[in-house]
Amino acid sequence: MLEVLPNIAKTQASYAINKVLVLPMNLTISVSYRCNSRCKTCNVWQRPNDDFTIEEYEKTFESIGRAPYWFTFSGGEPTLRKDLPEMVGAAYRHCRPGIINIPTNGIQDKIIPDRIEKVLQAAPDSEVIINLSLDGVGEKHDQVRGVKGNFERAMRTYAGLKALKGRYKNFTLGVHTVISNFNVHEFDAIHTFVRNELKPDQFISEIAEERVELDTVGMGITPPYELYKPVIERLQADIRAENAQGVARITQSFRDRYYDIVKRTLVEKRQIIPCMAGIASAQIAPNGDVWTCCIRAESVANLRDHNYDFKSAWTTAKADELRRSIKAGECFCPLANAAYTNMLCHVPTMSSVALEVGKGTLADSMSGKRALNN
Ligand code: SF4
């Protein structure tokens with residue numbers, strides 16, 4: 001984690017002077033629009049496919065080098081690609097990310113655990129986070145995700161993944177819930193089930209946003225603030241009750257602040273802290289289009305037209321134009337992926353996390369001493 005600090009300083013300088021001094025520390029690779037779910041909150045499966053090959057990823061990752069600390073392999077359903085472990089291996093060889101994040105719908109229960117085991121083997125010194133998507137309990141999940149039997153299959157996948165836990169120290173197993181108008185009233189049931197039955201390493205939730213990437217703009221899937229607020233506050237209450245230690249305490253502190261930012265974004269409808277998408281974070285679409293983020297999904301260039309040289313695609317006039325627009329606050333959103341790097345590059349947020357973690361550590365050591373003296 002400390003290795004990211006020099007890049008944070010360069011990223012802040014890039015933002016200040018409107019010039020690319022460093023490549024993104026947070027990279028999302030959408031590996032395919034193909035998906036075997038039919039979610040009410042997503043139309044990505046209807047988009048045409050023109051997926052990058054593994055050779056194209058090799059060349060792209062080689063051109064990016066060691067800049068990215070976070071990789072997300074998303075989709076579509078990323079595990080539908082048989083060569084997912086090879087893709088992760090290519091990213092690992094060329095970029096050595098600290099964290100690799102992969103969501104899954106868990107439908108292919110006979111295939112996913114083996115495929116993820118190969119992913120874990122392909123990146124032995126990266127923290128690999130696999131998040132199972134869960135948008136309801138039982139039939140409610142199947143209704144939101146549009147596939148009969150999805151819940152049962154997802155549970156079998158989860159059990160298969162959990163069985164890997166003892167063997168791979170670099171493995172974090174999470175559950176990810178998208179809260180939309182279709183399940184906002186079910187959150188209590190989801191929360192209870194996840195906490196009491198699944199007991200994942202992490203439980204994260206995001207509000208369903210309308211995204212150009214997912215072809216959901218204008219669909220009215222985002223729940224109103226009054227309905228979403230109790231969901232967020234429940235998650236924050238969990239975080240605050242948890243008294244995590246070490247790195248987990250830092251992560252929890254960022255998550256708590258992220259939820260504060262989401263609440264304010266929904267009410268104030270503006271960037272609460274500056275969005276560094278286009279500098280700190282980027283996304284590559286399955287066909288090699290390079291985006292500043294998936295909400296706007298505006299291509300700055302296609303890697304195929306730039307001989308798979310990321311820097312060349314990232315420094316076009318269109319990229320500069322988008323960076324100007326983002327910095328001018330012409331868009332706002334609660335996208336978690338961008339928000340975490342935004343917080344890392346935001347000095348007041350970093351200072352308040354450091355202060356809170358420091359205070360907590362001091363309080364723990366004081367209570368430890370008291371316990372020893374009693
Ligand atoms: S505020 Fe949201 S929509 Fe705008 S660039 Fe950042 S992540 Fe994208």
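Is Ile232 buried or exposed? Select Ile232 to begin the tour, bearing in mind that this is a predicted model. The residue has 21 C-beta neighbours inside 10 Å, and the cut-off for buried is 20 or more, so Ile232 counts as buried. Colour its surroundings and you will see that Ile232 belongs to helix H8, residues 225-241. For a sense of scale, add Cys39: in sequence it is 193 residues away from Ile232, and in space the two C-alpha atoms are 22 Å apart.

Next, step back to the annotated region. Select residues 21-255, which UniProt lists in an unreviewed entry as "domain: Radical SAM core". This stretch is 40% helix and 16% strand. If you draw a line between its end C-alpha atoms, it spans 28 Å.

Now switch to a cartoon view and look for the sheet. Nine strands make up an open sheet with mixed pairing, and you can walk across it in the order S6-S5-S4-S3-S2-S1-S7-S8-S9. At the edges are S6 (202-207) and S9 (299-302), each of which pairs on one side only. Ignoring direction, neighbouring strands here are turned by 25° against each other on average.

Stop at S4, residues 127-133. Six of its seven residues are buried, so the strand is largely enclosed by the rest of the structure. On one side, S4 pairs with S3 (residues 99-104) in the parallel sense, over six bridges. To find the register, pick Asn101 and look across to Ile129 in S4. Then trace the chain from S3 through helix H4 (residues 112-122) to S4: this β-α-β crossover is right-handed.

S4 has another partner, S5 (residues 171-179), and that pairing is also parallel, with six bridges. Here the pair to pick is Asn131 and Gly174, the latter in S5. While side chains are displayed, remember that in a regular strand they alternate between the two faces of the sheet.

Move along to S1 (residues 26-30) and S2 (residues 70-74). These strands run parallel and are joined by five bridges. Ile29 makes a handy marker, as it stands opposite Phe73 in S2.

The last stop is the ligand. Which residues are closest to it? Of the 13 residues that surround the ligand, the closest are Cys275, Cys293, Ile295, Cys331 and Cys333. Colour the shell by class and you should find ten nonpolar residues, two polar and one charged. Cysteine is counted among the nonpolar residues in this tally.

Technical notes: Residues are numbered from 1 along each chain as its sequence is written. This is a predicted model: local features need pLDDT of at least 70, side-chain atom pairs count only at pLDDT 80 or more; totals for chains, interfaces and linings use all residues. A residue is near a molecule or strand if its C-beta atom, placed from the backbone, lies within 6 Å of it. UniProt positions are given in the numbering used here, feature names are shortened, and annotations may be inferred rather than shown by experiment. Helices (H or I, at least four residues) and strands (E, at least two) are DSSP runs, numbered from the N terminus. A residue is buried if 20 or more other C-beta atoms lie within 10 Å of its own, exposed if 12 or fewer, and partly exposed in between; C-beta atoms are placed from the backbone. Two strands pair if DSSP finds at least two bridges between them. A crossover is right-handed if, with the strands pointing away from the viewer, the path from the first strand over the helix to the second runs clockwise. Axes are lines fitted to C-alpha atoms, for helices over the stretch in contact, and angles run from 0 to 180 degrees between N-to-C directions.
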